[in-house]
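Colleague: Got a minute to walk through this model with me? I'd like to poke at the cavity, the surface and the salt bridges.

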Amino acid sequence: MGINGAWGTSSDDASHFHSGSRSPILPTSRSHSPSGGDSPSSSSWSNSRKSGGGGGGPGAGAGIGGGGSSGANGYSSFGARKFLGKHLRKLSTSLPTYTPLSPGTPATPFHHRGGGGGGGGLGRILCYRRSKTTSFLLLLVGIVLFVFTYVHHNPVSSKIRGVSGGSKVVIILAANQGGGVMTWKGPKEWAVERDSIANKKAYAERWGYHLEIKDMSTKKRYAHEWRESWEKVDVIKQTMRQHPKAEWFWWMDLHTFIMEPSISLHSHIFRHLQNVTYRDINLYNPLNITHPPSKVDYPHLDEVCYSAVGDDRAQSINLIVPQDCGGFNLGSFLIRRSEWSERLLDIWWDPVGYEQKHMEWEHKEQDALEYLYTNQPWIRTGTSFIPQRMINSFPPGACSETPGDTRIFYDEKDRDFVVNMAGCEWGRDCWGEMAHYRQLSEKLNSGWWRKRFG
């Protein structure tokens, strides 16, 4: 049998085999073409498979004898891929895109583009949207912090205000939590004490002040002398030792009520101390004290003591006292920590003065201070007076001898800061007055903002 018959090929195939080719050219398909190996349809189908078109198997796109670099027909096996890829890239880049940064772009849906440009456009859009969201969240957080720091009463706001200066103020409230001084308290007395304490606690918490509630019930150290009213000076000295970093101490009797809790002591008094106080007692002098001291009676004094306004500096003000129709009133007053104050408290608490004068001085510690101010010129240099209605307004019934004095009595139109029901235990209704002013304060401070955040 001849060679041609052994391989089942034509004479052309045999001549090609004997011409020096090292390996025969086999058909790419596992099955022979029904029209024969040299038919045009078979040849074109084989070439298309070699050039990479339409095939997905491992043999597609590379001839057996070409080493994967070229087909039997001499064309590159990657030509069709490169052509289609380039064509698809051109087609994708021609598609419309949308970005909010270009106002002239028509409002078409966003399509992600291939390559590096599409990623940059998407990143710009995300950053733009994120910046708007971040700004809104920051604004919302700022509003919440403002509300809870400056409007709402909470421990965080009190700590913040304490750091900003509130911790330098201590409110001393005289109470009788032990049940009474000389007699047991009834239901009305308990109600007065409850309202007064709650009022001071809320105010101190709002502004970051310290609050010291001092029990003024009878103690052994005072009982043998019945010095309950005089112990006010001793309590101030104790409180100064308890708060060594505090600067100002605000004494308040139990029958006082803070009418305007939204006003701080700093904005009301301390920030403009020189303008709201006065040194010259002659501006309002119900006791008719001679001021300044006479050089004939006190020839040894310096020029500051002879001046009606002292040195006229706010830094030298250590005691701020209101006056009512009868003289000094210590139901609500301020004292600053200083060497001057320490000397004053020591002399003021001197038991010798009490032993000699306690039967003569009806108002005890107030009369003692008036006596010291009159006869000790150095005390005048550190003492300043404040209009009564700024920290110690009276209700109707107090100071009955001057019922029409506008410098003394509470005025709702002017929104006075504090009301002191002074002397209510002597024939007036302390509980009724306290309840009236508590309700009035709630009414005056019940705006829409307070209803939501107060």
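Colleague: What volume does the largest cavity have?

Modeller: Keep in mind that this is a predicted model. With a floor of 30 Å³, the count comes to one cavity. The volume of that largest cavity is about 60 Å³.

Colleague: Which elements give two or more residues to the lining of the largest cavity?

Modeller: The lining includes V304 and C305, along with P377 and R380. Helix α12 covers 303-306 and helix α16 covers 377-380. So the elements that meet the two-residue mark are α12 and α16.

Colleague: How does the lining of the largest cavity split by class into nonpolar, polar and charged residues?

Modeller: Among the lining residues are R279, H291, S307, A308, G310, Y373 and T381. Tyr and Ala count as nonpolar here, Arg as charged, and Gly goes with the polar group. The split is five nonpolar, four polar and two charged residues.

Colleague: R279 is on that lining list. Which residue does R279 meet in a salt bridge?

Modeller: R279 counts as buried, since its relative accessibility of 8% is under 20%. The N to O distance in its salt bridge is 3.7 Å, and the partner is D311.

Colleague: How many residues apart in sequence are the parts that the D311 and R279 pair ties together?

Modeller: The D311 and R279 side chains meet in a salt bridge. D311 sits in the loop between α12 and β5 (319-324), while R279 belongs to the loop between α11 and α12, so two separate loops are tied together. D311 is partly exposed at 28% relative accessibility. The separation in sequence is 32 residues.

Colleague: H291 lines the cavity too. Is the peptide bond from H291 to P292 cis or trans?

Modeller: P292 is placed in the loop between α11 (273-276) and α12. Omega for the bond from H291 to P292 is near 0°, which makes the bond cis.

Colleague: Staying in the loop between α11 and α12, is N288 buried or exposed?

Modeller: N288 has a positive phi, near 55°, although it isn't a glycine. Its relative accessible area is 65%, and the cut-off is over 50%, so N288 is exposed.

Colleague: What is phi of R415 near?

Modeller: R415 is in the loop between α17 (388-391) and β9 (418-420). At 33% relative accessibility, R415 counts as partly exposed. Phi is positive in this non-glycine residue, at a value near 55°.

Colleague: D411 is in the loop between α17 and β9. Which residue does D411 meet in a salt bridge?

Modeller: D411 counts as partly exposed at 27% relative accessibility. Its partner is buried, with a relative accessible area of 18%. The N to O distance is 4.0 Å, and the partner is R389. The pair links distant parts of the chain, 22 residues apart, with the helix α17 end held by R389.

Colleague: Which residues are joined into one network by salt bridges that share partners?

Modeller: By this rule the count comes to 16 salt bridges. Some of them share partners, and the network they build joins R194, D195, R438 and E442.

Colleague: Is K214 buried or exposed?

Modeller: K214 meets E212 in a salt bridge, 3.7 Å from N to O. Its relative accessibility is 11%, and under 20% is the cut-off, so K214 counts as buried.

Colleague: Over to the surface: how much accessible area do F136, L137, L140 and V144 have together?

Modeller: L137 lies in helix α5, residues 116-151. L137 is partly exposed, at 47% relative accessible area. With F136, L140 and V144, L137 forms a nonpolar surface patch, and the joint accessible area is about 380 Å².

Colleague: Last one: how far apart in space are V309 and T381, C-alpha to C-alpha?

Modeller: V309 belongs to the loop between α12 and β5, and it counts as partly exposed at 32% relative accessibility. T381 is one of the cavity-lining residues. In sequence V309 and T381 are 72 residues apart, but in space the separation is 7.8 Å.

Methods
Residues are numbered from 1 along each chain as its sequence is written. This is a predicted model: local features need pLDDT of at least 70, side-chain atom pairs count only at pLDDT 80 or more; totals for chains, interfaces and linings use all residues. Side-chain values use heavy atoms; hydrogens and water are left out. On a 1 Å grid over the protein atoms alone, a cavity is a set of points where a 1.4 Å probe fits but cannot get out, and a pocket is an open set with protein on both sides within 12 Å along at least five of seven lines; lining residues have an atom within 4 Å of a point. Grid points are joined across faces, edges and corners, and a volume is the space filled by probe spheres set on the points. Helices (H or I, at least four residues) and strands (E, at least two) are DSSP runs, numbered from the N terminus. Patches are made of residues with over 30% relative accessible area and no salt bridge: like charges are joined within 9 Å, nonpolar side chains (Val, Leu, Ile, Met, Phe, Trp, Tyr) within 5 Å. Accessible areas come from the Shrake-Rupley method with a 1.4 Å probe; for residues, only the protein chains shown count as cover. Buried means under 20% relative accessible area, exposed over 50%, partly exposed in between (1.4 Å probe, protein chains only).
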